Protein chains: 2
Amino acid sequence: MKEKAVFYHAGCPVCIAAEQQVARALDPQRFEVEIVHLGQEKARITEAEAAGVRSVPALVIGGAAFHINFGASLSALK
Amino acid sequence: MKEKAVFYHAGCPVCIAAEQQVARALDPQRFEVEIVHLGQEKARITEAEAAGVRSVPALVIGGAAFHINFGASLSALK
């Protein structure tokens, strides 16, 4: 069974670069990557926060949050 | 031919987590990932800086630098 990874973003240029270069570079044999646009899915901000996400773009994988460069803080998306 | 990706780190706990969870999660069919410990290979700090790296851990892929969380600034490694 594939491990789930979630890439949270907000449509910003920094986010798009990270999605294209990092999130989509993950091994599709091992990971199922879900892309979540927190600007459009505000209901999932709580879920992202609970996973340790403080800013976007961020990748949650293996139970840990990895902030990739900096686009916007989560508080700015609420 | 595989695309080259370089993961720069300095052995810090934040670096090791990013290496294990992100750098090693890249698709081995598409990417050849080189792991560079800048604390041990100080001669390569210049190369990292030229690629846009300002702190470690960072992944350089597709010509762009992606800083993953924050372990240490490059200036602290010199």
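**Exercise 1. A pair in chain A**

In chain A, the side chains of A:Arg30 and A:Asp27 meet in a salt bridge. Find the N to O distance, then state how buried or exposed each partner is.

*Solution.* The model is predicted, so side-chain atom pairs count only at pLDDT 80 or more.
- Step 1. Take the distance. From N to O, A:Arg30 and A:Asp27 are 2.8 Å apart.
- Step 2. Apply the cut-off. A salt bridge needs the nitrogen within 4 Å of the carboxyl oxygen.
- Step 3. Place the acid. A:Asp27 has 5% relative accessibility, so A:Asp27 counts as buried.
- Step 4. Place the base. A:Arg30 comes to 34%, so A:Arg30 is partly exposed.
- Step 5. Add the background. Side chains of opposite charge can pair when their charged atoms come close.

**Exercise 2. Pairs in chain B**

Describe the salt bridge of B:Arg30 with B:Asp27, then that of B:Glu19 with B:Arg24. Which residues are buried and which are partly exposed?

*Solution.*
- Step 1. Start with B:Arg30 and B:Asp27. Their closest N and O atoms are 2.8 Å apart.
- Step 2. Check accessibility. B:Asp27 is buried at 5%, and B:Arg30 is partly exposed at 35%.
- Step 3. Turn to B:Glu19 and B:Arg24. Here the closest N and O atoms lie 2.6 Å apart.
- Step 4. Classify this pair too. Buried means under 20%. B:Glu19 stands at 13% relative accessibility, so B:Glu19 counts as buried. B:Arg24 has a relative accessible area of 48% and is partly exposed.

**Exercise 3. Salt bridges, counted and located**

How many salt bridges does the rule give over all chains, and how many cross the interface of chain B and chain A?

*Solution.*
- Step 1. Count over all chains. The rule gives 14 salt bridges.
- Step 2. Restrict the search to the interface of chain B and chain A. The count there is zero.
- Step 3. Look at polar contacts instead. The rule finds 10 residue pairs in polar contact across the interface, both residues at pLDDT 80 or more.

**Exercise 4. The interface from the side of chain B**

Work out how much area is buried between the chains, which residues of chain B supply most of its share, and which elements take part.

*Solution.*
- Step 1. Count residues. On chain B, 19 residues are in contact with 19 residues of chain A.
- Step 2. Take the area. About 1,500 Å² is buried between the two chains, and carbon and sulfur atoms give 56% of this.
- Step 3. Name the main suppliers. B:Gln21, B:Phe66 and B:Asn69 provide 35% of the area that chain B buries against chain A, more than any other three residues.
- Step 4. Assign elements. In chain B, helix H1 (13–21), strand S3 (55–61) and strand S4 (64–73) each give two or more residues to the side touching chain A.
- Step 5. Rank them. S4(B) gives the largest share, five residues.
- Step 6. Sort by class. This side of chain B has 12 nonpolar, four polar and three charged residues.

**Exercise 5. The largest nonpolar core**

Which members of the largest nonpolar core touch the most other members, and which elements build this core?

*Solution.*
- Step 1. Recall the background. In soluble globular proteins, nonpolar side chains tend to be buried together.
- Step 2. Pick the hubs. The core has 24 residues, and A:Leu59, A:Ile61, B:Leu26, B:Leu59 and B:Ile61 touch the most other members.
- Step 3. Map the elements. Strands S1 (3–9), S3 (55–61) and S4 (64–73) of chain A give two or more residues each, together with S1 (3–9), S3 and S4 of chain B.
- Step 4. Follow one hub. Beyond its neighbours within four places in sequence, B:Ile61 is in contact with A:Gln21, A:Val22 and A:Ala25, among others. Its contacts in chain B include B:Leu26, B:Phe31 and B:Phe66.

**Exercise 6. Unusual backbone**

Locate the cis peptide bonds from Val56 to Pro57 in chains A and B, then the positive phi values of A:Asn69 and B:Asn69.

*Solution.*
- Step 1. In chain A, the bond from A:Val56 to A:Pro57 is cis, with omega near -5 degrees. A:Pro57 sits in strand S3 of chain A.
- Step 2. In chain B, the bond from B:Val56 to B:Pro57 is cis, with omega near 0 degrees. B:Pro57 belongs to strand S3 of chain B.
- Step 3. Phi of A:Asn69 is positive, near 50 degrees, though the residue is not glycine. A:Asn69 lies in strand S4 of chain A and is partly exposed at 23%.
- Step 4. B:Asn69 has a positive phi of about 50 degrees and is not a glycine either. B:Asn69 is in strand S4 of chain B, partly exposed at 22% relative accessibility.

Terms used. Residues numbered from 1 in each chain as written. Chains lettered and ligands numbered in written order. Predicted model: local features only at pLDDT ≥ 70, side-chain atom pairs only at ≥ 80, totals over all residues. Heavy atoms only, no water. Contact = heavy atoms within 4.5 Å. Buried area = accessible area lost by both parts, 1.4 Å probe. Polar contact = N/O pair within 3.5 Å; in protein donor to acceptor, adjacent residues only side chain to side chain. Helix = DSSP H or I, 4+ residues; strand = E, 2+ residues; numbered from the N terminus. Nonpolar A, V, L, I, M, F, W, Y, C, P; charged D, E, K, R; others polar. Core = buried A, V, L, I, M, F, W, Y, C linked by side-chain atoms within 4.5 Å. Buried < 20%, exposed > 50% of the residue type's maximum accessible area, 1.4 Å probe, protein only.
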